[in-house]
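Thanks for coming. I will take you through one structure, beginning with how it is divided and ending with where its chains meet.

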Amino acid sequence: MNIESIVRGSHITKQFKGFKVDIDSLNIPKGFATALIGENGAGKSTLMNILAGVRLDYKGDIIYFDGNMKPEEIRENIAYTSPVNYFMPNWTIEQVGDAGRLLFEHFDYDRYRQLLIDMDVKAPEGKRSKDKAIGKLSDGMKMKVELSAAFARETKLLLLDEPASPLDPLMRDKLCSMISAYIDEGSGEKSVFFSTHNIADMENITDYAMIMEQGKIVEQGFVEDLKEKYIMVKGNRADAEQAKEILYTIQTNPYGFEGICLDENLDKLSGMDISTEIPTLSQISVAVMKHYTKLAA
Amino acid sequence: MRILQNSGVAIYQQIADQFKEDILSGKLEQGEYLPSIRGLAKDLRISVITTMKAYEELEKQGLVTAVQGKGYYVNAQDSEMLREQHMRKLEEYLLNAISAARIAGISDTELIETLKLLIASQE
């Protein structure tokens, strides 16, 4: 497989008091959905803000779209959504649409309205709906307005910072469909980079995962490869002590143990009565986070 | 196409197996294109990389060929290979029958007799 990158970064650092985001090399694969996974405070939003151009006080180099585009083209081709208040709080959803048209060459106003209707922010045509100020909307509604404005544009890259967190399960499902459709319509030219601290809802549509811990990307890869690198193991209580030496992470209870094992170490468990399972991306993420938290402690 | 999330069989493998069955049974004909990778991912609500891996698996088995920029088409199925595939399936089923017989304590002669009887009843 020959994988190109849509964004390449090197030596991206941002020093805070007592905390540093330090990413030696960043490659977001082109034509895929990439998840940035990490605990609260791992540095996900800082990285997102740097990539989106919201934060400029960092060191390092970032190259978008192979370096072939002028800055204004780059801006036109990237849409970004933020978990914090993004629009002026006194604007109405109509005004957000007007601003979108003013700011971007390819902002499809009809599509924006349709997305708002699809996501239940706005009543269907012909029905009256109140045009409330954005600041008065709930967090979920605000995110839906942001997503509508982002998907209404003609872009090649979506940077979505915690898009699923404020959404209800039904809307998370809808968001997954929207991301899949976006990737599909690009036939390999459109990419999505989104952050989340709860990957379970988005796992099915995730192609590539980056796991962040204490400002660094500690594990990354295509999900299918990660699912071959790590394996879920369950076994008897009697073997728990011995398994502890070999497993990547382990949890024991009075009846047995379960944990994640590196596939290359699975041979070392031979002789034990164990069952194995393909782990989910969330199980892998939790294991990696635990592993690195333990190392840092 | 049916995808089970927790069957113990990797999702890419499930997809590859189901296409393989369709190809070997002739449901997908020689020269026909498989659905586009991203289109299938969207329709099945799975990741692009999973469908990619499924198609690569089919390519490895010689069932399909990738064409740059066009997708994957179904190869002509060699009748020798087809026979081989069916033979393998047959062996698998017979092995199941043998282990069922062992569990139930049925003797080999009885098993063979049963098979003969079943063949006769099919004719």
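**Domains, core and interface**

Chain A is split into domain 1 (5–221) and domain 2 (226–292); such bounds come from an automatic or database domain assignment. Before going further: this is a predicted model, in which local features need pLDDT of at least 70 and side-chain atom pairs count only at pLDDT 80 or more, while totals for chains, interfaces and linings use all residues. Residues are numbered from 1 along each chain as its sequence is written, and chains are lettered from A and ligands numbered from 1 in the order in which they are written.

Back to chain A. The C-alpha centres of its domain 1 and domain 2 are 34 Å apart. Their contact draws 12 residues from domain 1 of chain A and 8 residues from domain 2 of chain A, where contact means that the C-beta atoms of two residues, placed from the backbone, lie within 7 Å. On the domain 1 side, β8 (208–213) and β9 (216–222) of chain A are the elements that give two or more residues. Strands here are DSSP runs of E, at least two residues, and helices are runs of H or I, at least four, numbered from the N terminus. That side of domain 1 of chain A has 6 nonpolar, 2 polar and 4 charged residues. Ala, Val, Leu, Ile, Met, Phe, Trp, Tyr, Cys and Pro count as nonpolar, Asp, Glu, Lys and Arg as charged, and the others, Gly among them, as polar.

Chain B is also assigned domains: domain 1 (11–74) and domain 2 (79–121). Taken over C-alpha atoms, the centres of these two domains of chain B are separated by 31 Å.

Now the chain interface. How many residues of chain A are in contact with chain B? There are 18, and they meet 14 residues of chain B. Two elements of chain A, α6 (169–185) and α7 (223–229), give two or more residues to the side that touches chain B. Of the elements, α6(A) gives the most, with 5 residues. That side of chain A divides into 9 nonpolar, 4 polar and 5 charged residues.

Last, confidence. The predictor gives the complex an ipTM of 0.73 and a pTM of 0.83. Chain B has an average pLDDT of 89, with 99% of its residues scoring at least 70; pLDDT is the predictor's confidence in each residue, from 0 to 100. Within chain B, helix α4 (residues 79–104) has the lowest confidence, a mean of 87, and helix α3 (residues 48–60) the highest, at 93.
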